[in-house]
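Biologist: I have this one open on my screen and would like to walk through it with you. Could you keep it plain, please?
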2 protein chains.
Amino acid sequence: MKEKYSIVTIHMVSSIDGFIAKKDGDVSWMKSSDHFDKGIELTNEIIAGFLDKIDCYVMGSKTYEDALKLGWPYGHKPVYVLTERNLVDERETVHFHNEDPSFLINDKLRRQFQNIWMVGGSQLTKAFLQHNLADEIIVTWMPIILGDGMLFFDFIGKEIPLHLKEVTAFKDGMVELTYDILRD
Amino acid sequence: MKEKYSIVTIHMVSSIDGFIAKKDGDVSWMKSSDHFDKGIELTNEIIAGFLDKIDCYVMGSKTYEDALKLGWPYGHKPVYVLTERNLVDERETVHFHNEDPSFLINDKLRRQFQNIWMVGGSQLTKAFLQHNLADEIIVTWMPIILGDGMLFFDFIGKEIPLHLKEVTAFKDGMVELTYDILRD
C-alpha cells in the first residue's frame with residue numbers, strides 16, 4: 001500500500017480586524033457585497049472542484065453547532081468534532097472525540113486521510129498552532145472591519161514563520177492568502 | 001485657486017494574527033525572509049516613487065519615538081505627532097499637536113495637503129476609524145504569526161464596510177491590500 005502524505009490545513013474567514021464571529025452571532029457579514037474588478041469569479045464549479053479535494057473536516061463544538069444551524073456545508077464528508085461536551089449525533093458522517101487533538105490528528109486522521117481541513121474555531125486554532133498540528137493555513141479576508149467579536153488568532157503565544165504560497169482575489173472583494181506553516 | 005481633494009490613508013504593517021508590535025519591542029520580524037515567486041520586486045525606485053506621493057504624515061507619540069530610534073523613514077516631509085506629552089522637537093519637520101484628531105485632520109491638514117498618511121499606532125487608528133477621519137486603509141500582511149503583542153485594530157467597536165481596490169503581493173511574501181473606507 002502506498003504511503004499517504006497528509007496535509008492538515010487551517011481554514012478561516014476573517015474580517016480585516018481579525019474577527020471570525022460577531023458577538024451577536026450575526027453572520028450576514030460573511031456574504032460580501034463588494035465588487036473587485038480584477039478578482040476572479042467564484043463559480044459553483046470552482047467551489048465544487050475545490051471541496052472535492054477535501055477528505056475530512058475537523059472542528060470544535062461551536063463551529064459544529066453553527067454549521068447545523070446555518071446549513072450543513074460539509075456534504076457527505078467525514079466530520080470530526082473535538083469536544084468534551086455530550087452532543088447529539090445528528091448525522092451519520094459526524095464523529096465526536098474528546099481526546100487530545102495531537103492524538104486525533106497524528107495517530108488517527110493522518111493515517112486515513114490525505115487532505116484534512118480544520119475549520120475552527122479560535123480555541124482549536126490555538127491548540128493546532130501551539131502543538132504544530134497544521135501544515136498550511138488559508139486566511140480569507142473579508143472586506144469589512146467588524147469592530148468587535150471573537151478573534152481568529154487569540155494571542156496564541158508562539159511565533160511561527162509562514163511561507164506565502166498563493167494569493168487569490170475574488171470578484172466580491174474577498175482575498176484568500178495561502179501559507180505554509182514553517183516548523184522550527 | 002483650485003480646490004484640493006484630500007485623501008487620508010491609514011497605513012500599517014501587521015502580522016497575520018493582527019499585531020503591529022511585539023511585546024519586547026523587537027522589530028526584526030518586519031523584515032521578511034520569505035520568497036514568493038509570483039510577487040513583484042520592491043525596488044528602491046518603486047519605494048521612492050511611492051513615498052514621493054505622500055504629502056505629510058500623522059502619527060502617535062510612540063510611533064514617532066520608534067521612528068527616531070529605528071532610523072527616520074519620513075525624509076523631509078512634514079510630520080504631525082498627536083500627543084498630550086511634552087516631547088522634544090528633534091527635527092524641523094516635526095509638529096506636535098495635542099488637539100482633537102478631527103480638528104487637526106479636517107480643519108488643518110485637509111486644507112493644506114492632498115495625500116495625508118496616518119502611520120500608527122493602535123490608539124490613533126482607533127480614533128481615526130471611530131471618528132470617520134480616514135478615506136483609505138492599506139494593510140500590509142507580513143508572512144508571520146507573532147503570537148502576542150499590540151493589536152493593529154484594537155476592538156474599535158464599530159462596523160465599517162470596506163471596498164477592495166488593490167492587491168499587491170511582493171517577492172518577499174508581503175501582501176498589501178488597499179481598501180476604500182465606506183461611510184454610512
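Biologist: Is Tyr179(B) buried or exposed, and why?
Modeller: Please keep in mind that this is a predicted model. In it, Tyr179(B) counts as buried because 24 other C-beta atoms lie within 10 Å, and the cut-off for that label is 20 or more.

Biologist: Which strand is Tyr179(B) found in?
Modeller: Tyr179(B) belongs to strand S11 of chain B, which covers residues 175-181.

Biologist: And which way do the side chains along S11(B) point?
Modeller: They alternate along the strand: Val175(B), Leu177(B), Tyr179(B) and Ile181(B) point to one face and are buried, whereas Glu176(B), Thr178(B) and Asp180(B) point to the other face and are not buried.

Biologist: What does Tyr179(B) touch, leaving out residues up to four places away in sequence?
Modeller: Its contacts include Pro143(A), which belongs to chain A, and, within chain B, Glu136(B), Ile137(B), Leu162(B), His163(B), Leu164(B) and Lys165(B). Of these, Ile137(B) is also the bridge partner of Tyr179(B).

Biologist: Which strands pair with S11(B), then?
Modeller: Strand S7 of chain B, residues 136-142, is joined to S11(B) by six bridges and runs antiparallel to it. Strand S10 of chain B, residues 160-169, also pairs with S11(B) in the antiparallel sense, over seven bridges, and there Leu162(B) stands opposite Ile181(B).

Biologist: How many residues sit between S10(B) and S11(B)?
Modeller: Five residues lie between them in what is a hairpin, and Gly173(B) in the turn has a positive phi of about 85°.

Biologist: Zooming out, what is the strand order of the whole sheet?
Modeller: It is an open sheet of nine strands with mixed pairing, in the order S8(A)-S10(B)-S11(B)-S7(B)-S1(B)-S6(B)-S3(B)-S4(B)-S5(B). The edge strands, each pairing on one side only, are S8 (144-145) of chain A and S5 (94-97) of chain B.

Biologist: Where do helices H2 and H3 of chain B lie?
Modeller: Helix H2 of chain B, residues 61-70, packs on the sheet and touches S3 and S4 (79-82) of chain B, with its direction at about 110° to that of S3(B). Helix H3 of chain B, residues 101-112, lies across S1, S3, S4, S5 and S6 of chain B and runs at about 155° to S4(B).

Biologist: Last one: do S3(B) and S6(B) run parallel or antiparallel?
Modeller: They run parallel, with three bridges joining S3 (residues 56-60) to S6 (residues 115-118), both of chain B, and Tyr57(B) stands opposite Trp117(B) in S6(B).

Terms used: Residues numbered from 1 in each chain as written. Chains lettered and ligands numbered in written order. Predicted model: local features only at pLDDT ≥ 70, side-chain atom pairs only at ≥ 80, totals over all residues. Pairing = 2+ DSSP bridges. Helix = DSSP H or I, 4+ residues; strand = E, 2+ residues; numbered from the N terminus. Contact = placed C-beta atoms within 7 Å. Axes fitted to C-alpha atoms, helices over the stretch in contact; angles between N-to-C directions. Buried ≥ 20, exposed ≤ 12 C-beta atoms within 10 Å, placed from the backbone.
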